[in-house]
Amino acid sequence: MWLEGLTLIAVIVYAGIAWWQGCLTRKSIENTGKQFQIDQRPYIWDSNVTDPTNVKIEAGQKMWININLINFGRAPALSARGVAKIFIGTNGMHDADDWFAALGEKALPDDPNDTGIVVPPGIPSGDITAKSAFGGGGYFTPMSDRVLTQDDVNYILHSNENIAIVVHIQYFDAYGTRYWSNFCLSRFDTGTYPHCRKHNEIH
């Protein structure tokens, strides 16, 4: 009788150990999968190089700039689309603060007319052909709300950090996980477009 009792205890202990090992194995596989997804995720950022021919600062026209998007990750960025704006004047950075605060972390509203583009990993975007804000190869074109006056043009060209070019890009990986990149550019009177002191983040 005691032998049967010991056998039963041994079977229960073995079953418990096997169950615990199974849990550890499943957890390990799950963690490995999550880590793989993180390692392989897309990371969209700007090229940090602005060709003067890709900027329009002219009286009687809205200001616009073509920003070349690059995916520094290992997987394609799917359904990439975004919103952007150019704020001009001494309150530009404050306006940028309010703009990003209003966006928060929520997803962009669905737009049946703009399903986004695919940005391949490690390949700079190509020519500008799309009808939407995105170009066919991954350019994005922020634009000012208003037409520039000659005073606006003189102000932009001959002062430093007088504008805030703000961009919010949303994209997904193959698992359907949503990511987004925020960046902000300003301008020096030398014609260069450095990143602002804040609002440059990848999530």
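Hi everyone, let's start with His 199, which sits in the loop between E10 and strand E11 (201-202). This is a predicted model, so please hear everything that follows in that light. His 199 has a positive phi of about 70°, although it is not a glycine. Is His 199 buried or exposed? Its relative accessibility is 16%, and buried means under 20%, so His 199 counts as buried.

There is another residue to set beside it. Glu 161, also something other than glycine, has a positive phi, near 50°. Its place is the loop between H3 and E9. With a relative accessible area of 36%, Glu 161 is partly exposed, because that class runs between the 20% and 50% cut-offs.

Glu 161 also brings us to the pockets. The largest pocket has a volume of about 180 Å³. Its lining is made up of 13 residues, and those nearest the centre are Met 93, Glu 161, Asn 162, Ile 163 and Ser 186. Which elements give two or more residues to that lining? They are helix H2 (92-103) and E9. For those of you who think in terms of chemistry, the lining of this pocket splits into five nonpolar, five polar and three charged residues.

Now for the enclosed space. How many cavities of 30 Å³ or more does the structure hold? The answer is one, and about 70 Å³ of space lies in the largest cavity. Its lining residues are Asp 46, Ser 47, Asn 48, Val 49, Thr 50, Ile 65, Asn 66, Ile 67, Asn 68, Leu 185 and Tyr 193. By class, that lining has five nonpolar residues, five polar ones and one charged.

Keep Asp 46, Ile 67 and Asn 68 in mind from that cavity lining, and come with me to the sheet. Three strands form an open sheet in the order E1-E4-E7, with antiparallel pairing. E1 and E7 are the edge strands, each pairing on one side only. As a quick reminder, strands of a sheet pair through backbone hydrogen bonds, either parallel or antiparallel.

Let's go through the pairings. E1 and E4 are joined in the antiparallel sense over three bridges, and Asp 46 stands opposite Leu 69 in E4. On the other side of the sheet order, E4 pairs with strand E7 (residues 139-140), again antiparallel, over two bridges. There, Phe 140 in E7 is the bridge partner of Ile 67.

E4 deserves a moment of its own. How many of its five residues are buried? Five of five, so E4 is mostly covered, given that buried means under 20% relative accessible area. Ile 67, Leu 69 and Asn 71 point one way from the strand, while Asn 68 and Ile 70 point the other way, and all are buried.

That leads to the nonpolar core. In soluble globular proteins, nonpolar side chains tend to be buried together. Here, the largest nonpolar core has 27 residues, and those with the most contacts inside it are Ile 44, Ile 57, Met 63, Ile 67, Ile 165, Ile 169 and Tyr 193. The elements that give two or more residues to this core are strand E1 (44-46), strand E3 (62-65), strand E4 (67-71), strand E5 (77-88), strand E6 (117-119), helix H3 (150-157), strand E9 (163-172) and strand E10 (178-185). Which of them gives the largest share? That is E9, with five residues. Apart from this core lies another, of nine residues, including Ala 96, Trp 99, Phe 100 and Cys 184.

For a last stop, let's look at Glu 105, in the loop between H2 and E6. Its relative accessibility is 57%, which means that Glu 105 counts as exposed. What does Glu 105 touch, leaving aside residues up to four places away in sequence? Its contacts are Arg 178 and Trp 180. Glu 105 and Trp 180 are 75 residues apart in sequence, and their C-alpha atoms are 8.6 Å apart in space.

That's the tour, so over to you for discussion. Thanks for listening!

Key. Residues numbered from 1 in each chain as written. Predicted model: local features only at pLDDT ≥ 70, side-chain atom pairs only at ≥ 80, totals over all residues. Heavy atoms only, no water. Core = buried A, V, L, I, M, F, W, Y, C linked by side-chain atoms within 4.5 Å. Buried < 20%, exposed > 50% of the residue type's maximum accessible area, 1.4 Å probe, protein only. Helix = DSSP H or I, 4+ residues; strand = E, 2+ residues; numbered from the N terminus. 1 Å grid on protein atoms, 1.4 Å probe; cavity = no way out; pocket = protein on both sides within 12 Å on 5 of 7 lines; lining within 4 Å. Points joined across faces, edges and corners; volume = space filled by probe spheres on them. Nonpolar A, V, L, I, M, F, W, Y, C, P; charged D, E, K, R; others polar. Pairing = 2+ DSSP bridges. Contact = heavy atoms within 4.5 Å.
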